[in-house]
Amino acid sequence: ELPGFVKIFQPHALRFSTGASDEEAAKQSLHMLEEQILAEGPETIAGIMLETIVGANGVFLHPSGYLEGVRALCNRYGILLILDEV
């Protein structure tokens, strides 16, 4: 890992459950992301970078509402959101 970069919890549960539905998975994942933002200190976060469709490990779509929730968190805390898709 590079200094100054922090990985966030991903909403794609492969070995454990984040909820029985997309809505539950998005809600739980967004809650964990907000906790991490607060723990790191929003003023120390320059940006959050995500792939809209995760393709490196297969084709993973984010749970319904997840990206919109990340956008809302970034707006709330003044964090730049960078969505990467090739």
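Student: Why are helix 1 and helix 2 called roughly parallel to each other?

Tutor: Helix 1 (residues 22-40) and helix 2 (residues 66-77) pack at an angle of about 25°. Angles under 35 degrees count as roughly parallel, over 145 as roughly antiparallel, 65 to 115 as roughly perpendicular and the rest as oblique. The angle of about 25° is in the first class, and helix 1 and helix 2 are therefore roughly parallel. The model is predicted: local features need pLDDT of at least 70 and side-chain atom pairs pLDDT 80 or more, while totals for chains, interfaces and linings use all residues. Residues are numbered from 1 along each chain as its sequence is written, and side-chain values use heavy atoms, without hydrogens and water.

Student: What is the distance between the axes of helix 1 and helix 2, and what hand does their crossing have?

Tutor: The axes, which are lines fitted to C-alpha atoms over the stretch in contact, with angles from 0 to 180 degrees between N-to-C directions, are 10 Å apart. Helix 1 passes helix 2 in a right-handed crossing.

Student: Which residues make that contact?

Tutor: Helix 1 supplies Ala26, Ser29, Leu30, Leu33, Glu34, Ile37 and Leu38, and helix 2 supplies Tyr66, Gly69, Val70, Leu73, Arg76 and Tyr77. Contact means heavy atoms within 4.5 Å. By class there are 9 nonpolar, 2 polar and 2 charged residues.

Student: What makes Ser29 of helix 1 count as buried?

Tutor: Its relative accessible area is 1%. Buried means under 20%, exposed over 50%, and partly exposed in between (1.4 Å probe, protein chains only). At 1%, Ser29 is therefore buried. A polar atom of the Ser29 side chain also lies 2.8 Å from the backbone oxygen of Ala25.

Student: Where is His62, and why does it count as buried?

Tutor: His62 is in the loop between strand 3 (60-61) and helix 2. Its relative accessibility is 13%, below the cut-off, so His62 counts as buried. The His62 side chain reaches the backbone oxygen of Glu51 at 2.7 Å.

Student: Why is Glu40 called partly exposed?

Tutor: Glu40, in helix 1, has 39% relative accessibility and so counts as partly exposed. Leaving aside neighbours within four places in sequence, Glu40 is in contact with Val6 and Ile45. Glu40 and Val6 are 34 residues apart along the chain, with their C-alpha atoms separated by 9.0 Å.

Student: How do you know which class Gly55 belongs to, buried, partly exposed or exposed?

Tutor: At 46% relative accessibility, Gly55 counts as partly exposed. Gly55 is in the loop between strand 2 (53-54) and strand 3. Its C-alpha atom is 9.2 Å from that of Glu85, 30 residues apart along the chain.

Student: How many helices and strands does the chain have, and in what order?

Tutor: There are 2 helices and 4 strands, running α-β-β-β-α-β from the N terminus. Helices (H or I, at least four residues) and strands (E, at least two) are DSSP runs.

Student: What share of the chain is buried, and what share of its contacts is between residues 24 or more positions apart?

Tutor: Buried residues make up 28% of the 86 residues. Among contacts with a separation of 6 or more, 65% join residues 24 or more positions apart.

Conventions: Left-handed = near helix turned anticlockwise from the far one by under 90°. Nonpolar A, V, L, I, M, F, W, Y, C, P; charged D, E, K, R; others polar. Polar contact = N/O pair within 3.5 Å; in protein donor to acceptor, adjacent residues only side chain to side chain.
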